[in-house]
Amino acid sequence: MKVAENNTYVQNGIDATLEVIGGKWKIQILWSIRSRAKRFSEIKEDVDGITQKMLTQQLKEFLKDGIATRKSYPEIPPRVEYKLTDYGKTLVPVLETLNKWGDLHLERQGKKTVAKKVQQQSLF
């Protein structure tokens, strides 16, 4: 980031994007909720290795940034779901492009993705 004369930050598009989706877990969380609303436990299951505290923190940041919404249902036991907002859905093509690039990278290295194996198995 560049600092302007009045000590404010001047960002480019990459800086602005990374401010919202950068970090170890955020892209994985977004990938988990890209197609439908999910409960906290479902997201935690999708994002291997994330702690409850970190998932809570990351989801709160998405809520603050207008990327995701949280809906509470008055049930026993309580049910809370997270989903992308319309604004958050504008990130889905970016995520899909990153996923495709990652698949190409793995293929180039001679590795296969677990997701492809799972998809192939579920077809039969």
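This passage walks through a predicted model of a protein, from its overall make-up to a few of its contacts.

To start with the big picture, the protein has 124 residues, and 24% of them count as buried. Its mean pLDDT is 87, with 81% of the residues at 70 or more. One stretch falls well outside that range: over residues 118-124 the pLDDT is below 50, and apart from near neighbours in sequence, this stretch has zero contacts in the model. It pays to keep that in mind when looking at the end of the chain.

As for secondary structure, there are seven helices and five strands. Read from the N terminus, they come in the order β-β-α-α-β-α-α-β-β-α-α-α. How much of the contact pattern joins residues far apart in sequence? Taking the contacts between residues at least 6 apart in sequence, 39% join residues at least 24 apart. On the outside, the protein exposes about 9400 Å², and carbon and sulfur atoms supply 54% of that area. Part of the surface is a nonpolar patch formed by Ile27, Val94 and Leu98, which together have about 210 Å² of accessible area. Val94 sits in helix 6, residues 92-108, and is partly exposed at a relative accessible area of 36%.

Next comes helix 1, which spans residues 13-21 and has something going on at its N-terminal end: Asn12 caps it, with a side-chain oxygen 3.0 Å from the backbone nitrogen of Ile14. After helix 1 comes Gly23, whose phi is positive, near 115°.

Then there is Lys26, a charged residue worth a longer look. It lies in helix 2, which covers residues 26-32. Is Lys26 buried or exposed? With a relative accessibility of 3%, Lys26 counts as buried, because the cut-off for that label is under 20%. What does its side chain reach? One target is the backbone oxygen of Val20, at 3.3 Å. Another is the side chain of Glu61, with which Lys26 makes a polar contact at 2.5 Å. That pair also qualifies as a salt bridge, again at 2.5 Å from N to O. Since Lys26 belongs to helix 2 and Glu61 to helix 4 (residues 52-65), the salt bridge ties together parts that are 35 residues apart in sequence. The two partners sit in unlike surroundings: Lys26 is buried, whereas Glu61 is partly exposed, with 26% relative accessibility. Setting aside neighbours within four places in sequence, the contacts of Lys26 are Glu19, Val20, Ile21, Gln58, Glu61 and Phe62.

The Lys26 pair has company, as the salt bridges come to six in total. One of the others joins the side chains of Asp65 and Lys64, at 3.3 Å from N to O. Here Asp65 is partly exposed, with a relative accessible area of 28%, while Lys64 is exposed at 66%. Arg79 and Glu81 form another salt bridge through their side chains, at 3.1 Å from N to O. Glu81 counts as buried, with 17% relative accessibility. Salt bridges that share partners also bring in Glu75, so that Glu75, Arg79 and Glu81 make up one network.

Glu81 turns up once more around Thr69, a residue of strand 4 (residues 68-73). The C-alpha atoms of Thr69 and Glu81 are 8.1 Å from each other, with their positions 12 residues apart along the chain. Which residues does Thr69 touch, leaving aside neighbours within four places in sequence? They are Leu63, Glu81, Tyr82, Lys83 and Thr85. Thr69 itself counts as partly exposed, with a relative accessibility of 32%.

A last pair involves Asp86, found in helix 5, residues 86-89. Asp86 is exposed, its relative accessible area being 65%. Its C-alpha atom is separated by 7.9 Å from that of Ile67, although the two residues are 19 apart along the chain.

Terms used:
Residues numbered from 1 in each chain as written. Predicted model: local features only at pLDDT ≥ 70, side-chain atom pairs only at ≥ 80, totals over all residues. Heavy atoms only, no water. pLDDT = per-residue confidence, 0-100. Contact = heavy atoms within 4.5 Å. Helix = DSSP H or I, 4+ residues; strand = E, 2+ residues; numbered from the N terminus. Buried < 20%, exposed > 50% of the residue type's maximum accessible area, 1.4 Å probe, protein only. Areas by Shrake-Rupley, 256 points an atom, 1.4 Å probe, with all protein chains shown as cover. Patch = residues over 30% accessible without salt bridge, like charges linked within 9 Å, V, L, I, M, F, W, Y side chains within 5 Å. Salt bridge = Lys/Arg side-chain N within 4 Å of Asp/Glu carboxyl O. Polar contact = N/O pair within 3.5 Å; in protein donor to acceptor, adjacent residues only side chain to side chain.
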